[in-house]
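Reader: I would like a close look at a single part of this model, taken slowly and with its surroundings included. Please choose one helix and follow it outwards to whatever it touches.

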Amino acid sequence: MIDQNRASPAKRSNTTWAQLKVGDTASIERVCAQRDLLLFAHMSGNRNPLMLPSEEDKAAGSEPIAPSMWVGSLISTVLGNFLPGPGTLYRSQTFEFAKRVHIGDRLRVTVTCREKREAPEALFETIITDARGELVCKGMALVDAPLARVEIEPRDLPTLILEENEQFPHLVALAAQLPRLKTVVVCPENHASLNGPLLAFEKGLIEPIFIGDREKIAAAAKALGADLSPFKVVEEGNHRLAADKAVAMVRSGEAGAVMKGDLHSDDLLAAVVKKEGGLRTGRRISHVFVIDTPTMDNLLFVSDAAINIAPDLMTKVDIVQNAIDLALACGEEARVGVLSAVEVINPAIVSTMDAAILAKMADRGQIKGGVVDGPLAMDNAIDMNAARTKGIASLVAGHANVLIAPNLESGNMLAKELTFVGHAEAAGLVVGAAAPVMLTSRADNDKARLVSCALAQLYKYWRDNGKPFTGADGEKLAAE
């Protein structure tokens, strides 16, 4: 049985009409994704609103229905790829749909040869069931089975880019299974900085404590039509003092995380990094952008693009370790590409020397939890063909999901280019401190703030338990 959501293309051979036997069977599994519905609408022109995801439907708690012909098309995937396989041609197909399919449903698609007719005809029973084994669709397919043996090489299809990214919702849903994280939101004195934490509260991620100018917070709430009566609001009009009070609340155990509102990052970070009364640990703090790109199947972790301007080698050690930790907390493997302009060591380019040393330090166990390679240029870090062309063979080249920039300028440009040119979505977290710090930009939208809260939840769980949170059975975990 093949999982079509995960399986990579592999060389395949078909089953000829002469080789085919009555009773031969093949199956795949496929999870219905939002992307499938959008692509089917583009391809077919069917824009039935019942079958298209929308923000209004999400707010109303309703789910779109997968088009029945998209469900039925999965049968041709099995017939054309696996049994009989390459060279198969349809003559006819019948369908009976027993139930509807929604986003997230896992389907099992099975074809079974029931009759061999005069060559090359063969009749197949086609059945689709859900994760509970309940019938979704059944029918019969009459095909021309291939007469000659065919073996096909993997073929990459052109990349299609949709702006709807799918990995962040998984992180939010996962984090929502954890107890709410008490979070001090510093100076949420405008629409975006207040609505983000309120949305995170609605999603079950955080329990916000607001600190700042009470009148400005109240005015922002009024503009949103939000009721702040269920929440604690601490008065402090001075931004620097508000940041100090927020950090003190974390140190005292009153809260478990800090979130930036409508204040300058320097004001918040000054309180976080204080030698006395801050949230310092033995490690340098750094910022990690977590980026969901529509052209990649995995998240990208980019660091440091917000805090350390021109990090030296030992600072980069902490930057790499922090990024690895966050990747692991999100349930991802950490394949770290240390970036430079070139992939060869050049003493005239300091970043190539640093990258080579970082890779060797990881080999010696001085950096833990991930595989580190460098120097790598951006192309051969994430593109396998580019890595092969340049003769780079490693566990990271072409597969990097953690990207370490040489300095803040290049890291920031990389993250912004992915977001505004590559149609990626980005969230971020400050790691390496004694508690998660959500250093959102004042220009970030509500979704970026929501996902940052999810990152804080998962990172805190990882730090407290030494393993990633993979989901709770039954009811939501009891509050600690």
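Author: What follows is an account of helix 6 and the parts around it, in what is a predicted model.

Helix 6 spans residues 214–224, and its buried residues are Ile217, Ala220 and Ala221. Seen down the helix axis, these buried residues fall within an arc of 100 degrees, so they line one face of helix 6. That arrangement can be read against a general property of such helices: an α-helix has 3.6 residues a turn, so residues three or four places apart point the same way. On the face of helix 6 turned away from the buried side are the exposed residues Glu215, Lys222 and Ala223.

The two ends of the helix can be described in turn. At the N-terminal end, aspartate 213 acts as the cap, with a side-chain oxygen 3.0 Å from the backbone nitrogen of glutamate 215, a residue that also belongs to the exposed set on the face turned away from the buried side. Just after helix 6, glycine 225 takes a positive phi of about 70 degrees.

The buried residues of helix 6 pack against three elements, namely helix 5 (191–202), strand 11 (206–212) and strand 12 (232–235). An aromatic pair is found in these surroundings, one of 4 in the whole structure: phenylalanine 201 and phenylalanine 231 meet edge-to-face, with 4.9 Å centre to centre and 90 degrees between the planes. Phenylalanine 201 lies in helix 5, whereas phenylalanine 231 lies in the loop between helix 6 and strand 12, so the pair ties together parts that are 30 residues apart in sequence. The two partners differ in burial, because phenylalanine 201 has a relative accessible area of 27% and is partly exposed, while phenylalanine 231, at 13% relative accessibility, counts as buried. Ring pairs also bring in Phe210, which forms a cluster with Phe201 and Phe231, and arginine 180 lies over the face of phenylalanine 201, at 4.3 Å from the ring centre.

From here the picture extends to the largest nonpolar core, which has 63 residues and in which Phe210 is among those that touch the most other members, as is Leu205. The largest share of this core, 10 residues, comes from helix 14 (residues 446–465). Leucine 205 has contacts that include Arg180, Ala200, Leu450, Cys453, Ala454 and Gln457; Arg180 is thus a contact of leucine 205 as well as the residue placed over the ring of phenylalanine 201.

Note on methods. Residues are numbered from 1 along each chain as its sequence is written. This is a predicted model: local features need pLDDT of at least 70, side-chain atom pairs count only at pLDDT 80 or more; totals for chains, interfaces and linings use all residues. Side-chain values use heavy atoms; hydrogens and water are left out. A nonpolar core is a set of buried Ala, Val, Leu, Ile, Met, Phe, Trp, Tyr and Cys residues joined through side-chain atoms within 4.5 Å. Buried means under 20% relative accessible area, exposed over 50%, partly exposed in between (1.4 Å probe, protein chains only). Helices (H or I, at least four residues) and strands (E, at least two) are DSSP runs, numbered from the N terminus. Contact means heavy atoms within 4.5 Å. The arc is that of the directions from the helix axis to the C-beta atoms. A polar contact is a pair of N or O atoms within 3.5 Å; within protein, one must be able to donate a hydrogen and the other to accept it, and residues adjacent in sequence count only if both atoms are side-chain atoms. Rings of Phe, Tyr and Trp (its six-membered ring) pair if their centres lie within 6.5 Å; planes under 30 degrees apart count as stacked, over 60 as edge-to-face and the rest as tilted. A charge sits over a ring if NZ of Lys or CZ of Arg is within 6 Å of the ring centre and within 35 degrees of the ring normal.
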